[in-house]
Amino acid sequence: MSDERDEQAYAGTAEGQGPVKIDEELARHLANKREELFEEFEIRDGFPSEVRREAEDRTTDIQAEIAEELEEDYRTDHRDLTTCTIDPGDAQDFDDAISIEREDDGRYHLWVHIADVTHYVHPGSAMWKEAVERGSTVYLPGYTVHMLPPVLAETACSLVPNEDRLAHTVEMLIDPETLSYEEIDIYKSIVHSDERLTYNEAERRLDDPDSDLHEELSLTYELAEALHEQRKEDGSLVLNPKRDRAHTIIEECMLKANKAVTHELQWVRGLEAMFRVHPQPTPEEWDKALQEIQELDGVSIPADSWDDPRKAVNATLEQAPGRQLNKIQWAVMKVMPRAKYMNDPFGGHHALNFEIYGHFTSPIRRLSDLVNHWIIYTDETPEDHDLAALCDHASDRQKDAETAERLYKQFLQEVGLDPNAVNSRGLEVVEEPDEADDLDREAAEVDPEALD
């Protein structure tokens with residue numbers, strides 16, 4: 001019976017359902033719509049030949065180059081650490097991995113390993129120039145426009161299992177009571193991922209005490225859940241209260257690593273960098289959002305939470321009927337200013353309730369992280385770059401990418417496709433029209449991660 005339940009559970013996942021099937025005519029319509037959006041928002045799909053050649057040259061003998069790096073003796077060898085990646089089932093590259101241990105005194109010892117992209121992509125190179133132009137990877141449902149050439153992003157810069165890879169490690173000793181950093185160290189490393197887990201597989205491992213990595217995942221979740229609860233108590237806005245354990249692990253570990261790097265950049269080294277700033281709504285805008293939420297059927301904002309709008313939203317989401325989740329999220333998102341990149345961190349990140357914050361954990365898909373990798377390693381901003389202008393450019397490119405994604409999702413709905421299903425399962429073109437799936441048109445209205 002247990003095997004039967006496992007099969008039924010798997011059948012309900014994106015991996016179990018398989019790709020969404022469409023016919024050739026619909027595939028042409030989707031391609032035409034993408035081209036229209038790429039032209040409107042100046043999104044560069046294919047890579048210039050010079051960039052492709054450079055990427056291919058940098059991936060000719062990955063393991064030999066890693067062996068040379070080991071001989072240089074300036075990288076920390078972390079290949080003995082138990083390490084894994086956790087990503088969506090359809091992920092094509094893996095730019096972050098985690099390791100964890102509990103010290104004898106109870107402290108959490110957390111390592112977040114990030115692909116060392118700047119070893120391959122650096123100022124002056126064709127790939128760097130192209131990444132600056134693009135600003136970020138663009139994710140349309142069923143179609144990805146990469147910031148870096150896939151031949152590099154999916155090989156040398158991907159922390160694939162059972163192979164040595166170059167990384168940038170953020171090592172943290174965390175107090176089990178206060179959850180504050182006791183030590184932070186950021187350095188170049190070499191890692192060896194033991195497994196590539198999907199979110200669903202990580203959930204299964206957490207449920208099975210006899211499975212590989214169960215102990216490590218359980219310890220990581222213990223820390224992540226504590227960090228999550230502390231953030232909520234401190235006033236961090238949590239728009240998705242139903243997030244599963246695997247997503248909580250990745251979200252909290254990456255936030256903790258990003259905060260550690262930001263702390264190092266600002267308070268230890270005093271360096272200019274690409275910080276993530278999120279302005280707060282006016283009191284009148286917050287009042288408007290809370291009033292709209294309060295008027296929803298079956299929804300009531302707890303009386304003791306009105307002093308801090310973010311805590312009020314968190315408390316409401318936890319007890320509101322599931323049917324009202326999107327409406328509550330949308331009421332908040334409508335009054336939220338757009339987060340942006342700035343070389344001055346002050347003003348903080350309102351949604352997260354962080355005094356200062358910046359990105360570091362996704363250098364394969366975000367320009368800000370790539371630039372911050374270079375700054376943390378070299379102790380200086382990239383030569384010939386005005387960092388303030390670079391921040392404005394990255395913010396603009398992100399806005400264009402998000403708008404293109406929203407318009408493409410709307411188009412999918414218009415032609416009878418569910419953007420969520422396409423996003424999680426991918427697309428497959430079939431020859432016969434009657435083989436295509438008849439899918440719901442319903443799609444999520446809000447992306448709570450857009451504020452990060």
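**Entry 1: surface charge.** I looked for clusters of like charge on this predicted model. Asp-61, Glu-68, Glu-71, Glu-72 and Asp-73 form a negatively charged patch on the surface. I then asked which helix holds Glu-68. Glu-68 lies in helix H5, which covers residues 62–72. I noted why these residues qualify: a patch takes residues with over 30% relative accessible area and no salt bridge, and like charges are joined within 9 Å.

**Entry 2: strand S9.** Next I followed S9, residues 181–192, and its pairing with S2. S2 is residues 76–77, and the two strands run parallel, joined by two bridges. I checked Asp-77 and found Ile-190 as its bridge partner in S9.

I turned to S8, residues 164–174. S8 and S9 are antiparallel, with eleven bridges between them. I picked out one contact here: Arg-165 has Val-191 of S9 as its bridge partner.

**Entry 3: the turn.** How many residues separate S8 from S9 in their hairpin? I count six. I also looked at the backbone in this turn, where Leu-179 has a positive phi of about 65°.

**Entry 4: the whole protein.** I tallied the secondary structure and got 16 helices and 13 strands. I then checked the overall packing. The radius of gyration is 22 Å, and the globule rule gives 22 Å for 452 residues, so the protein is as compact as a globular protein of that length. Last, I took the extent of the C-alpha trace along its principal axes: about 65 × 60 × 55 Å.

Conventions:
Residues numbered from 1 in each chain as written. Predicted model: local features only at pLDDT ≥ 70, side-chain atom pairs only at ≥ 80, totals over all residues. Heavy atoms only, no water. Patch = residues over 30% accessible without salt bridge, like charges linked within 9 Å, V, L, I, M, F, W, Y side chains within 5 Å. Areas by Shrake-Rupley, 256 points an atom, 1.4 Å probe, with all protein chains shown as cover. Salt bridge = Lys/Arg side-chain N within 4 Å of Asp/Glu carboxyl O. Lys, Arg positive; Asp, Glu negative; His and termini not counted. Charge placed at Lys NZ, Arg CZ, Asp CG, Glu CD. Helix = DSSP H or I, 4+ residues; strand = E, 2+ residues; numbered from the N terminus. Pairing = 2+ DSSP bridges. Rg over C-alpha atoms; globule rule 2.2 N^0.38 Å.
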